[in-house]
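Subject: Structure handover and findings

Hello,

Here is the structure for you to load. My notes follow below it.

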Amino acid sequence: MTATEEPALGTDALDAAFAETVRRTGASIGALYLRAPDADLLCLDVLCGVPVDFADPWARVPLASPAPVADAVREDRMVWVGSQDEMVRSYPRTAMALPYPLALVAAPVTGVRPWGALLLMWPATRPPYMTQRERGNINSGCRRLARLLEETAEQGGGAARREQPRTVSAGTGRQAAGPQPAVADFVERLPGGSCALDLEGRFTYLSSGACELLGRTAGQLLGTLPWQSVRWLDDPTYEDRYRAAVISREPVSFTVCRPPDQWLEIHLYPDSSGISARIVPSGDPPPPAPAPRRSTSTTTPARAGRLYQLTHLAAGLTEVVGVQDVVDLVADQIMPAFGAQGLVLSTADAGRLRITGHRGYSADTISRLDGLPLDTTFTPAGQALSSGIPAFFADPEEMRRTYPEAPQVSGKKAWAFLPLIVSSRPVGVCILSYEKPHEFPAQERAVMTSLAGLIAQAFDRARLYDTKHELAHGLQQALLPRGLPALTGLRVAARYLPATRGMEIGGDFYDLIRLGDTAAAAVIGDVQGHNVAAAALMGQVRTGVHAHATLGTPPDQVLHRTNRLLTDLGPDLFTSCLYAHLDFTRARVSLASAGHPPPLLRLPDGDTRPVVVPPGPLLGIDPDAAFPVAEIPLTEGMLLALYTDGLVESPGTDLEDSITDLAHHLAEADDGDLDRLIDTLLSKSATAAQRADDVALLVLRCEDRP
């Protein structure tokens, strides 16, 4: 075997192992997702049990999205969803695009690195729980897939993602019980009609009774889709029944009307190889609300798969936060949904179109297109935005007739210019482009136009969020110290981390204040809230503390006077604060607390413990409150850590236990580099992954003074 054949062998082995895992677990549907090498994205690589177009809404799943496969990879755990009700509760977006009774599991495929995830689905008839044996089989299959991916990569084949997902068959293992003529004779003797469809919905067999009831010959029907070859079946409702049977692997029955007034019952019996269908005349009177007949209009009804895909995309657009999230969602999900290879997303700003995101274009092309005037005639973007009417160009010649230079710039062969309009106000333009000529049927144009309205709403919200976030973040950065003063005999380091949710701002603060050559003050505090008001009040508190400290005020009086200031301001927000006065001449540290967590002290011998500081009340409550002072020796080699509660508070954890754990981590940390020491403390915190609160940390180490 040559070296060039080895990667193919690895691919074949991977597909075989995947199919074997699906078969061994008894799953009706399987999918293998691989991580994209250059993006936080999961791409569908191999599929089993359903047609590829069924998986269009999930062909590309952002790693940060609320989906089972994303959670499995991101959190490195097996995700089990035992029923449709549980799906609705845990993954509402997925449930909207997959409204069928089923159970599923998503398991990480991890070896030397995370490769992706394995997704398995079963009919809802299976027990709503997993046994340890089942979990073991799935984990074993995932390990095997990871090993094969690593072997393929080592042989030079890599784990490159295919442009289109590949389908494999898990096989049924069944053998025919008798000769085919006998089977056909048996079917012909049954009343009504019988037919078979493959998993993609195409007729593979029809009895004479089925042809008679459907009003077509076998030659007209074999190899076709029912909703394409039988006009009165061309309705999304009927296609959806077929999809429900394929995905749920449960029998499905429904009643249809063959014009003018013949009612038929159709019963679908699915398995992993296809669907057996029985068609019998209905003996019941027509239902009071029959399925709608095909309209005489020439407009083609939207296919059920496209409707569910749009529902999925619309749900995704409601969850994006920032502008980059909108760009990523359009690029990762909407572009593939329409088969586009290029994207330009522009915003209307100061009379010009500023490109905020793009895919599939060179840097030179983007440079030429960025900043065009809103009334530009260079491309159709300006006209589409000013008129609010989408523009579609199926080939370069059609574009060249009105915009002669535009096709030469990008090298694309077809374009859809979708204006983004919110309440009659132009927001921007979304351009989808194709590398080959592309016809835009009326249905696709209608879908793109409707989706553009949702993109516009999401894009407008995202711009507002980004503006507010930048303003708030700039405010907070301006209020925190830009740097800490260098003090002889004292090494210091500090860190501030915002909460991982919300606007990523808050009221935590720290400061180090030089008080001449023989003293310094360290302060840390926490204003209630995680918004602009909290950040603004934090600036007032820090300013008040700094002003009183520089006057040489004792620690208790610094807090007392700052407290009076806050009660006079009446901000309706409370503040905790810890103030430490370091006197290098007396070799003493005086501390006063306003309801703040105790500092941690590490002595030169490694002994680490919280410092007992009698706490006073939070600032801003009682104008006459007193703040007791505690003193400890200031010795060479000692280390003092001041922190806010965001570092130690987490749901379900006792605060004292968290402080004890932090003291243990501080005792073991290397203090040669205080910034690395802070990194260590933050990484071992219970809130390292997700922070519900912001965190401030100030570390001081006493050195020898000359």
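First, a cut-off: a residue counts as buried when its relative accessible area is under 20%, and as exposed when that area is over 50%. Please keep in mind that this is a predicted model.

**Cys211**

The cut-off applies at once to Cys211. Its relative accessible area is 12%, so Cys211 is buried. This cysteine sits in helix α7, residues 208-214. Setting aside residues up to four places away in sequence, Cys211 touches Leu206, Arg216, Thr217 and Ala218. How far apart are Cys211 and Cys195 in space, C-alpha to C-alpha? The distance is 8.9 Å, with their positions 16 residues apart in sequence.

**The six-stranded sheet**

One open sheet has 6 strands. The order is β15-β14-β13-β18-β17-β16, and the pairing is antiparallel. Which strands stand at the edges? They are β15 (372-373) and β16 (391-393). Each has a single partner strand, so one side of each has no neighbour in the sheet.

Start at the β15 edge. Strand β14 (residues 352-359) pairs with β15 in the antiparallel sense, over 2 bridges. Leu353 has Leu372 in β15 as its bridge partner. A helix also packs on this sheet: α12, residues 323-337. Helix α12 touches β13 (342-349), β14 and β18 (425-434). The direction of α12 makes about 55° with that of β14.

Now the β16 edge. Strands β16 and β17 pair in the antiparallel sense over 3 bridges. Phe392 stands opposite Ala416 in β17. Next along, β17 and β18 run antiparallel and are joined by 9 bridges. One pairing to look at is Phe417, whose bridge partner in β18 is Ile431. Strand β17 is largely enclosed by the rest of the structure, because 8 of its 9 residues are buried.

**Backbone points to check**

Most residues other than glycine have a negative phi, and most peptide bonds are trans. Three places here go the other way.

- Ser423: in the hairpin of β17 and β18, with 2 residues between the strands, this serine takes a positive phi near 50°. Its relative accessible area is 68%, so Ser423 is exposed.
- Asp76: phi is again positive, near 50°. Asp76 lies in the loop between α2 (68-75) and β4 (79-81). Its relative accessible area is 51%, so Asp76 counts as exposed.
- Pro259 to Pro260: this peptide bond is cis, with omega near 5°. Pro260 is in the loop between β10 (252-258) and β11 (262-271).

**Two buried polar side chains**

Thr365 is in helix α13, residues 363-369. Is Thr365 buried or exposed? It is buried, because its relative accessibility is 9%. The Thr365 side chain makes a polar contact with the side chain of Ser362, at 2.9 Å. Leaving aside neighbours within four places in sequence, Thr365 is in contact with Val409 and Ser410.

Ser576 is in strand β22, residues 575-583. Its relative accessible area is 8%, so Ser576 is buried. Which side chain does the Ser576 side chain meet in a polar contact? It is that of His596, at 2.9 Å. Outside the four places on either side in sequence, the contacts of Ser576 include Ile524, Gly525, Asp526 and Leu618. Ala594, Gly595 and His596 are also among them.

**Cavities**

Rolling a probe the size of a water molecule over the atoms shows where empty space is left. How many cavities of 30 Å³ or more are there? The count is 6. The largest cavity has a volume of about 340 Å³. It is lined by 29 residues, and those closest to its centre are Tyr33, Trp58, Leu98, Leu119 and Met121. Several elements give two or more residues to this lining: β1 (29-35), β2 (41-48), β3 (60-62), α2, α4 (92-97) and β6 (114-123). Strand β1 gives the most, with 4 residues.

Best wishes

Note on methods:
Residues are numbered from 1 along each chain as its sequence is written. This is a predicted model: local features need pLDDT of at least 70, side-chain atom pairs count only at pLDDT 80 or more; totals for chains, interfaces and linings use all residues. Side-chain values use heavy atoms; hydrogens and water are left out. Two strands pair if DSSP finds at least two bridges between them. Contact means heavy atoms within 4.5 Å. Axes are lines fitted to C-alpha atoms, for helices over the stretch in contact, and angles run from 0 to 180 degrees between N-to-C directions. Buried means under 20% relative accessible area, exposed over 50%, partly exposed in between (1.4 Å probe, protein chains only). A polar contact is a pair of N or O atoms within 3.5 Å; within protein, one must be able to donate a hydrogen and the other to accept it, and residues adjacent in sequence count only if both atoms are side-chain atoms. On a 1 Å grid over the protein atoms alone, a cavity is a set of points where a 1.4 Å probe fits but cannot get out, and a pocket is an open set with protein on both sides within 12 Å along at least five of seven lines; lining residues have an atom within 4 Å of a point. Grid points are joined across faces, edges and corners, and a volume is the space filled by probe spheres set on the points.
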